[in-house]
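Here are a few exercises to work through at your own pace. Have a look at the model below, then try each task before reading its solution.

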Amino acid sequence: MKPTSIWFTFFLLSLIGSCLGRPLYPLPSKTYEEKRQPLQTFRPYNIAHRGSNGEFPEETAPAYMRAIEEGADFIESDIIATKDGALMSS
């Protein structure tokens with residue numbers, strides 16, 4: 001076989017395999033109604049911005065842990081990833 005036909009066969013098989021593949025877990029839209037949890041609406045959400053400010057420095061693990069201990073529903077962080085994968089605070 002020629003090298004071009006080998007690459008074409010490989011490309012064709014990988015294209016077919018990726019099109020026929022399906023996720024091994026159910027998608028959120030395909031879950032049964034009795035398994036879906038309703039959104040919490042009986043109280044306001046508690047959003048911790050940069051962790052627990054005032055007690056620990058912002059964007060640190062102790063600040064995040066303290067926010068979790070205080071009952072934060074979500075933690076909003078201002079950490080972004082650079083092109084080389086390093087994390088930095090914005």
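The exercises below go from the overall fold to salt bridges and then to the surface of this predicted model.

**Exercise 1. The fold**

Work out how many helices and strands the protein has, and in which order the elements run.

*Solution.* Start with the count: the secondary structure comes to 2 helices and 4 strands. Next, walk along the chain from the N terminus, and the order reads α-β-α-β-β-β. Finally, turn to the packing. The protein has 90 residues, and 10% of them count as buried. Among contacts between residues at least 6 apart in sequence, 35% join residues at least 24 apart.

**Exercise 2. A salt bridge between two loops**

Find out which parts of the chain the salt bridge between Arg43 and Asp73 ties together.

*Solution.* First, check the distance: the side chains of Arg43 and Asp73 meet at 3.0 Å, N to O, and the cut-off for a salt bridge is 4 Å. Second, place the partners. Arg43 sits in the loop between helix H1 (3-20) and S1, while Asp73 sits in the loop between H2 and strand S2 (74-76), so the pair ties together parts that are 30 residues apart in sequence. Third, look at accessibility: Arg43 counts as partly exposed at 35%, and Asp73 counts as partly exposed at 29%.

**Exercise 3. More charged pairs**

Determine whether Glu59 is buried or exposed, and name its salt-bridge partner Arg50's distance to it.

*Solution.* Begin with the pair: the side chains of Arg50 and Glu59 form a salt bridge at 3.8 Å, N to O. Glu59 has a relative accessible area of 14%; the cut-off for buried is under 20%, so Glu59 is buried. Then compare another of the 7 salt bridges in the structure, the one in which Glu70 meets Arg66 at 3.4 Å. Here Glu70 is partly exposed at 41%, and Arg66 is partly exposed at 28%. To finish, salt bridges with shared partners join Arg50, Glu58, Glu59 and Asp78 into one network.

**Exercise 4. The surface**

Identify which residues make the nonpolar surface patch of about 450 Å².

*Solution.* Take the whole surface to begin with: the protein exposes about 8,100 Å², and carbon and sulfur atoms supply 66% of it. The patch itself is made by Leu39, Tyr45, Ile47 and Phe74. Of these, Ile47 can be placed in strand S1 (residues 47-49). For an exposed residue, go to Ala61, with a relative accessible area of 52%. Ala61 belongs to helix H2 (residues 61-69), and its C-alpha lies 8.3 Å from that of Gly51, 10 residues away in sequence.

How values were computed:
Residues are numbered from 1 along each chain as its sequence is written. This is a predicted model: local features need pLDDT of at least 70, side-chain atom pairs count only at pLDDT 80 or more; totals for chains, interfaces and linings use all residues. Side-chain values use heavy atoms; hydrogens and water are left out. Patches are made of residues with over 30% relative accessible area and no salt bridge: like charges are joined within 9 Å, nonpolar side chains (Val, Leu, Ile, Met, Phe, Trp, Tyr) within 5 Å. Accessible areas come from the Shrake-Rupley method with a 1.4 Å probe; for residues, only the protein chains shown count as cover. Buried means under 20% relative accessible area, exposed over 50%, partly exposed in between (1.4 Å probe, protein chains only). Contact means heavy atoms within 4.5 Å.
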